[in-house]
Amino acid sequence: LLFPIHREGGSVVAFGGRAMADDQVPKYLNSPETPLYTKGKVLYGLHLSKHAIRKAGSVVMMEGYFDVLQAWQGGVTNTVASSGTALTPAQAQMLRRFAAKVVLSFDADGAGQNAAAKSGDLLVAEGFQVSVALLPEGEDPDTFVRRYGGDAYREKVDQARSYLDFVLDRAAARHNVKDPTGRVAFLNEMLVVAARIPEALARDQFADRLAHRAQVGEETIR
């Protein structure tokens with residue numbers, strides 16, 4: 001299958017190919033980069049969704065073409081896709097013109113959650129209000145909408161968890177905060193995240209949550 005890739009203004013600048021048979025490789029193949037097309041400067045679907053994004057005041061960021069198409073068919077139209085690559089500062093700045101809130105809705109597997117963490121770090125540093133829509137294990141937006149419908153997916157988006165709570169949970173699952181060594185490792189990882197938060201108030205609120213999770217005094221965290 002070939003998906004036309006549009007610039008924000010609507011002109012087609014590239015194509016994305018998706019293999020349909022198991023023995024076809026690669027699974028995805030994009031047009032090469034040209035003077036007209038730089039992958040890290042284009043967001044799939046933005047030319048169609050920018051008005052819905054402005055109206056909603058938020059954008060749902062997904063990974064793939066099928067995710068965006070299926071969400072649209074389910075009635076969730078304030079969506080774009082990073083097309084399977086790490087979000088870039090250029091893409092974040094493009095989104096800034098339309099919304100200040102981003103809901104990350106990636107695959108529920110480990111790779112998808114790692115991608116959500118990396119994209120969230122960048123978006124927080126760029127001053128966005130970021131949350132993460134958590135789907136059941138094994139699901140992505142495409143499969144979830146097909147299985148449960150658009151209304152159920154919108155409910156997941158509406159219930160999206162604060163990104164900073166999401167990264168706290170992920171780090172706490174990796175480190176035993178009841179053990180002194182684990183607590184230090186947890187704090188070192190989370191203080192890097194805290195340093196990227198540009199607003200003083202948001203950074204202060206994160207310090208409160210971090211102190212509570214690490215069972216350390218707030219002043220020590222600050």
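A residue counts as buried when its relative accessible area is under 20%. Keep that cut-off in mind for the close-ups below, which all come from a predicted model.

**View 1. Gln70, a buried residue in helix H2.** Let's start with Gln70, which sits in helix H2, the stretch covering residues 65–73. Its relative accessibility is 14%, so Gln70 counts as buried. Setting aside residues up to four places away in sequence, Gln70 touches Asp142, Val145 and Arg146.

**View 2. Helix H4 and what it packs against.** Here we follow H4 through its 16 residues, from 110 to 125. From its first C-alpha to its last, H4 reaches 23 Å, close to the 22 Å expected at 1.5 Å a residue. Quite a few of its residues are buried, including Gly112, Gln113, Ala116 and Ala117. Further along H4, you'll also find Ser119, Gly120, Leu122, Leu123 and Val124 among the buried ones. The buried residues of H4 pack against helix H3 (89–96), E6, E7 and H7. After the helix comes Gly127, with a positive phi near 90°.

**View 3. The second largest pocket and its lining.** Now for an open space: this pocket, the second largest, has a volume of about 330 Å³. It is lined by 19 residues, and Phe128, Gln129, Val130, Ser162 and Leu164 lie nearest its centre. Two strands, E6 (101–104) and E7 (129–132), each supply at least two residues of this lining. Helices H7 (163–174) and H9 (200–214) each supply at least two as well. Sorted by class, the lining of this pocket has 10 nonpolar, 6 polar and 3 charged residues.

**View 4. His175, in the loop after H7.** Pick out His175 in the loop between H7 and helix H8, which covers residues 180–195. The side chain of His175 makes a polar contact with the side chain of Glu189, at 2.9 Å. Leaving out residues up to four places away in sequence, His175 touches Gly182, Ala185 and Phe186 as well as Glu189.

**View 5. The largest cavity.** We finish with an enclosed space. A search of the whole structure turns up 1 cavity of 30 Å³ or more. The largest cavity has a volume of about 40 Å³. Around this cavity you'll see Ile5, Asn30, Tyr37, Lys39, Val42, Ser82 and Ser83, which make up its lining. By class, that lining has 3 nonpolar, 3 polar and 1 charged residues.

Note on methods:
Residues are numbered from 1 along each chain as its sequence is written. This is a predicted model: local features need pLDDT of at least 70, side-chain atom pairs count only at pLDDT 80 or more; totals for chains, interfaces and linings use all residues. Side-chain values use heavy atoms; hydrogens and water are left out. On a 1 Å grid over the protein atoms alone, a cavity is a set of points where a 1.4 Å probe fits but cannot get out, and a pocket is an open set with protein on both sides within 12 Å along at least five of seven lines; lining residues have an atom within 4 Å of a point. Grid points are joined across faces, edges and corners, and a volume is the space filled by probe spheres set on the points. Helices (H or I, at least four residues) and strands (E, at least two) are DSSP runs, numbered from the N terminus. Ala, Val, Leu, Ile, Met, Phe, Trp, Tyr, Cys and Pro count as nonpolar, Asp, Glu, Lys and Arg as charged, and the others, Gly among them, as polar. Buried means under 20% relative accessible area, exposed over 50%, partly exposed in between (1.4 Å probe, protein chains only). Contact means heavy atoms within 4.5 Å. A polar contact is a pair of N or O atoms within 3.5 Å; within protein, one must be able to donate a hydrogen and the other to accept it, and residues adjacent in sequence count only if both atoms are side-chain atoms. The expected span of a helix is 1.5 Å times one less than its number of residues.
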